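Visitor: May I ask for a close look at a single part of this structure? Please explain each term as it arises.

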Amino acid sequence: MQVRAIGIVKEFGAAAAALAGVDLDVRSGELMALLGPSGSGKTTLLRVIAGLEAPDRGRILFGDEDATTIPVRKRGVGFVFQHYALFRHMSVFENIAFGLKVRGRERPSRDEIRSRVTRLLALVQLEEYGQRRPSQLSGGQRQRIALARALAVEPRVLLLDEPFGALDARVRRDLRRSLREIHDATGQTTIFVTHDQDEALELADRVTILNGGRIEQTGTPDEVHDTPSSAFVMSFVGESTSLPVRILDGTVRFRDRVLGVPGEGGRDGPAALYLRPWDVAFTDSDTALAGTVAMVRRAAGGRRAEVKLDGPGQEVVEVGIPVGRSVARGETVRLEIRGGRIFAGRP
Amino acid sequence: MPAGILATLKGGPDPAGPIGGVTSEPALVRRLLIGIALVFLAFFLVLPLATVFVEAFRGGLRTYRAAFQDPDALSAIWLTLTVAAIVVPLNMVFGLAAAWAVAKFDFRGKSLLVTLIDLPFSVSPVVAGLAFVLLFGAQGLAGPWLADAGIRIIFSLPGIVLATVFVTFPFIARELIPLMQDQGTSDEEAALTLGAPGWRIFLRVTVPNVKWALLYGVLLCNARAMGEFGAVAVVSGHIRGLTNTMPLHVEILYNEYNLVGAFAMASLLAGLALVTLAVKSFLEWRYAGSIASASAR
Ligand SMILES: Nc1ncnc2c1ncn2[C@@H]1O[C@H](COP(=O)(O)OP(=O)(O)O)[C@@H](O)[C@H]1O
Ligand SMILES: [Mg+2]
């Protein structure tokens with residue numbers, strides 16, 4: 001089911017708008033991540049889509065149907081909460097069956113409910129746990145049950161609010177993979193919220209980046225990482241450092257030194273050059289930028305050196321250390337800038 | 001007092017073993033403290049309670065039984081049970097509604113409401129009773145109007161019920177509010193997204209989530225409703241056989257030097273309190289597991 005949000009505005013009291021005009025288009029069968037810092041409006045957007053929150057302006061469309069005024073319980077969404085929200089006095093089985101049992105006239109038969117719950121327990125790999133209470137399960141198991149419970153009602157869209165936020169790293173990785181597998185198996189249109197960029201980039205078909213109640217960019221993980229549309233996306237997704245530069249006649253200048261980076265038609269004036277660790281390399285050339293290694297650290301993708309540039313600004317850039325190169329703290333190095341992205345304004 | 005109940009509730013059985021392991025006080029200090037607590041308990045709780053029963057049975061079982069043959073005594077017992085049977089369900093509804101409003105919604109004047117819920121704890125029951133007399137009594141604000149309509153509140157059952165509702169209102173609400181606040185609204189929201197209608201969510205999710213706290217609140221409310229003296233004394237008018245509740249009847253008998261009768265009635269009240277306590281302890285013991293999981297997520 002295609003899910004669209006059009007011009008959504010939501011304000012809480014007098015404070016700045018939690019959502020200040022958001023347009024989102026989630027394709028049918030897609031796994032979409034909403035990524036953004038805390039307070040950027042991710043949860044609010046998800047709750048507006050679910051109908052748990054009414055937007056001040058804007059519309060929610062499910063396919064071609066206007067869902068804005070459909071009440072939550074008729075909207076056909078599955079919602080997974082960060083803290084599971086399992087019914088603590090019911091067994092795991094009863095939790096999953098709840099959405100089927102409250103259906104009134106369309107309620108399936110007992111056998112039908114039983115077989116559906118059993119299938120869902122198998123889907124989340126917890127066949128043996130039907131008679132347990134939620135309190136007898138680990139965090140990861142509880143979140144799997146919450147997922148099964150949300151899927152039981154065959155929702156038109158599955159919404160997950162920081163589903164792995166309360167779990168430790170290992171369980172998180174397992175659960176991420178499960179979610180991906182379940183998504184691939186069911187083809188369920190899914191939107192999940194996270195503030196963890198690794199999670200979003202690894203798991204999602206497309207990522208929407210929110211900042212201050214607005215969407216900064218929507219794109220595949222590669223697009224948002226490699227061609228960020230704003231300085232915010234550049235610095236929020238992936239590692240980056242920035243330098244204050246000046247654009248003059250299509251060239252990028254750092255302290256009057258022309259860098260080998262195209263100005264990309266930017267307007268003349270001050271700008272910010274954002275660098276990924278591999279945009280900067282060590283070199284032997286005497287004329288290159290000089291600096292001192294302030295720190296060497298191990299990151300997920302390799303080793304990084306933080307180099308403090310000589311000169312008045314004492315800017316710091318992060319450099320990816322090639323395998324086999326040894327770098328020591330305090331060492332004087334020369335750097336060559338090979339790439340990077342220019343954004344207007346100062347860093 | 002209600003918060004204390006919840007604290008014991010959450011504590012449940014202590015898996016860490018004896019407390020001595022974590023405290024560092026020398027044995028002497030520990031024994032001294034325990035000793036003081038025990039002496040205090042014995043002197044102020046056990047001794048008076050025992051006296052009540054000893055006095056009640058002083059004339060033997062036959063006189064004890066005879067004390068309850070008196071029609072006035074029977075009517076006092078009946079009235080007290082009636083009042084409790086009306087007040088407890090009422091306060092269950094009020095308590096649930098107030099706790100629901102405070103815990104699940106944000107609105108202006110919320111902290112005022114929370115303060116007001118505590119009012120009956122801080123106002124002397126006699127003052128509360130007087131307030132009702134001033135409102136509904138013959139010379140009261142609504143007095144003439146009520147007289148015209150032929151409704152009698154003061155010196156009759158409605159007045160006693162009103163006064164008792166007022167005095168016992170906080171017990172259930174106070175028990176529920178912290179728990180409901182702690183639990184938040186996501187269980188209800190989950191049920192909503194799963195398609196459950198509102199009344200079903202209330203009965204199948206909200207109430208089960210707070211059932212132990214609710215039960216404790218009901219037990220405490222019931223105990224107090226049966227035992228309330230001050231507020232009821234003001235509004236009841238002490239009409240023997242009509243508006244005398246058990247505590248009032250105890251006082252009347254005592255003032256008439258009918259000690260056996262007074263203590264017999266008092267022993268019944270005390271017995272009811274003890275039963276309440278026993279039921280509460282039994283439930284705590286029997287359902288320790290689910291109570292612990294009710295407070296954990
Ligand atoms: N119920 C609410 N009442 C008042 N303000 C809220 C409420 N929910 C969210 N907000 C505000 O809206 C903004 C966005 O919140 P939220 O959507 O929870 O962000 P995120 O999930 O990205 O951390 C925040 O500034 C938050 O304080
Ligand atoms: Mg959030």
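Guide: A:Phe282 stands opposite A:Leu335 in strand E19 of chain A. The model is predicted, so local features require a pLDDT of at least 70 and side-chain atom pairs count only at pLDDT 80 or more, while totals for chains, interfaces and linings use all residues. Residues are numbered from 1 along each chain as its sequence is written, chains are lettered from A and ligands numbered from 1 in the order in which they are written, and side-chain values use heavy atoms, with hydrogens and water left out.

Strand E19 of chain A covers residues 332-337. Strands are DSSP runs of E with at least two residues, helices are runs of H or I with at least four, and both are numbered from the N terminus. Two strands pair if DSSP finds at least two bridges between them. Strand E15 (residues 280-283) of chain A runs antiparallel to E19(A), and four bridges join them. Strand E16 (residues 289-299) of chain A also pairs with E19(A) in the antiparallel sense, over four bridges. In that neighbourhood of the chain, A:Ala290 stands opposite A:Arg334 in E19(A).

The side chains come next. In a regular strand they alternate between the two faces of the sheet. Along E19(A), the side chains of A:Val333, A:Leu335 and A:Ile337 point to one face and are buried. Those of A:Thr332, A:Arg334 and A:Glu336 point to the other face and are not buried. Here buried means under 20% relative accessible area, exposed means over 50%, and partly exposed lies in between, using a 1.4 Å probe and protein chains only. A:Leu335, one of the buried residues, is thus the residue opposite A:Phe282, whereas A:Arg334, opposite A:Ala290, is not buried.

A residue in another strand of chain A may be set beside this picture. A:Thr208 lies in strand E9 (residues 206-211). A:Thr208 is buried, with a relative accessible area of 0%. The side chain of A:Thr208 makes a polar contact with the side chain of A:Thr218 at 3.2 Å. A polar contact is a pair of N or O atoms within 3.5 Å; within protein, one must be able to donate a hydrogen and the other to accept it, and residues adjacent in sequence count only if both atoms are side-chain atoms.
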